[in-house]
Amino acid sequence: MSKIAFGRWLAILAVLMFLSANCVGAIEIDFFGVATCQECFEAEMMIESLKYEVEDEVVLNKFMLSEAENQELKLKYAKVYGVSESELDLYPMIFIGKDAFTPSNTTPDGLLESMINYSQEERETKLREIEALGDDVTHRLNDRYEQFSLFVVLGAGLIDGINPCAFVVLIFLVSYLYYVGRGRNEILVAGIFFAVGIFAAYLAMGTGLLGAVGYVESISKVFQLIFYPAMAIFTGLLAVLSVVDFYRMRYRNKKAILELTPGLKKKTHEIIRKNARAKTIWIASLVTGILVSFVEFMCTGQVYLPTIVYIINSSGVTGRALGFLVAYNLGFTVPIIAITLIAYFSSSTKRIQEFMTSTQAAAKIKLLMGALFTVFFVIMLNITLKTFSLI
């Protein structure tokens, strides 16, 4: 956590303790939720109706989880109140006196009982415990989850990088550079700047999608109810088709269903041929990488879009989400750099070209992608069930 964020939540706690001191006789409820969450709205209405069942005034302190400092503060509360790790990502999260409520135990009777038995002293004790927590608590709470998120995102980028859609284009680029008489140093420069172009274009597209999906999701509950089930169906279909492609290529020696169309393949080859003879090879390669990215996105985007949705749900639209995008695209460009270095040191990509264009190798990659899409399907299904309050 940054010093600024740390200072913010300390200020929030100070305000809460000040309010507590000046709300003698009032029942203070700390409420963590999301503006578009139906369960949060229902829980808030539940509290509003229960106000009339108790004699004391009820003060509702609302913390919207769209703000990063409130995410951190929620984790502090969860630590002190003993909320289980399996419920850390659930909302709403409600704290009354010494009691904590998550979707699994938020009932009118439970909330009312806690309000009737409310103790201001117990609340202040909890606030002091929260204030006393070290700066590294949220890091420890998030550590395992962040490592898993980074593993999924980086792994998705690497697998997408060896996707036949992307890999065969790179092989064609290097082979054509040899064909037109480029030297090893020029091929090294071309490969590196091709990778930079790919990285820049994909990061730009990813940032745009991240912002668009994150914004619409934050303001529209209807969007969530439609988008997440659609993503679950989409990733499930891709998982099935990837396995079908594996069977077709491995045992039937047929072409894959999920691949660039002949027209898009022809377009990428035209872009490479046009720029490969340019005098300034690094500029030509950079432009080629950018242009090819937009053409092959129709194929590689099958992995990229589910990854972006996963990033939004694991970290929101934050600086950390942008970091995950960078990790994905670094993973995506690793195979490009690897092939470039092999071409530089061996002066030939013939064996790699033969291996990557062989049906057996492509079939294995399809099976790997099928496994990745299955992981995304499980994640999207879990998000969908949470959206509909089924789990």
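Let us start inside the sheet: E28 has V59 as its bridge partner in β2. This is a predicted model, and that one bridge is a handy way into the fold.

**The sheet around E28**

E28 falls within strand β1, which covers residues 27-33 and pairs with β2 in the parallel sense over seven bridges. In general, strands of a sheet pair through backbone hydrogen bonds, either parallel or antiparallel. Here, four strands form an open sheet with mixed pairing, in the order β2-β1-β3-β4. The edges of this sheet are β2 and β4, each of which pairs on one side only. From one strand to the next, the twist averages 20°.

Which helix lies across β1, β2 and β3? Helix α2 does, and its direction runs at about 170° to β1.

The elements met so far, together with two helices discussed below, have these residue ranges:

| Element | Residues |
|---|---|
| β1 | 27-33 |
| α2 | 38-50 |
| β2 | 58-64 |
| β3 | 93-96 |
| β4 | 99-101 |
| α4 | 108-116 |
| α5 | 120-132 |

**Helix α5 and the loop before it**

The loop between α4 and α5 contains N117. Is N117 buried, exposed or partly exposed? Its relative accessibility is 47%, so N117 counts as partly exposed. Although N117 and G97 are 20 residues apart along the chain, their C-alpha atoms are separated by 8.4 Å.

Past this loop comes α5, a helix of 13 residues. From its first C-alpha to its last, α5 reaches 18 Å, close to the 18 Å expected at 1.5 Å a residue. Its buried residues are Q120, R123, K126, L127 and I130. Why do they line one face of the helix? Seen down the axis of α5, the buried residues fall within an arc of 120°, so they share one face. On the face turned away from that buried side, you will find the exposed residues E121 and A132.

**The whole chain**

Stepping back, the protein chain has 14 helices and four strands. Of its 391 residues, 49% are buried. The chain exposes about 18,900 Å², with carbon and sulfur atoms supplying 63% of that area.

How do contacts spread along the sequence? Taking the contacts between residues at least 6 apart in sequence, 79% join residues at least 24 apart.

Terms used. Residues numbered from 1 in each chain as written. Predicted model: local features only at pLDDT ≥ 70, side-chain atom pairs only at ≥ 80, totals over all residues. Heavy atoms only, no water. Helix = DSSP H or I, 4+ residues; strand = E, 2+ residues; numbered from the N terminus. Buried < 20%, exposed > 50% of the residue type's maximum accessible area, 1.4 Å probe, protein only. Contact = heavy atoms within 4.5 Å. Areas by Shrake-Rupley, 256 points an atom, 1.4 Å probe, with all protein chains shown as cover. Pairing = 2+ DSSP bridges. Axes fitted to C-alpha atoms, helices over the stretch in contact; angles between N-to-C directions. Expected span 1.5 Å × (residues − 1). Arc of directions from axis to C-beta.
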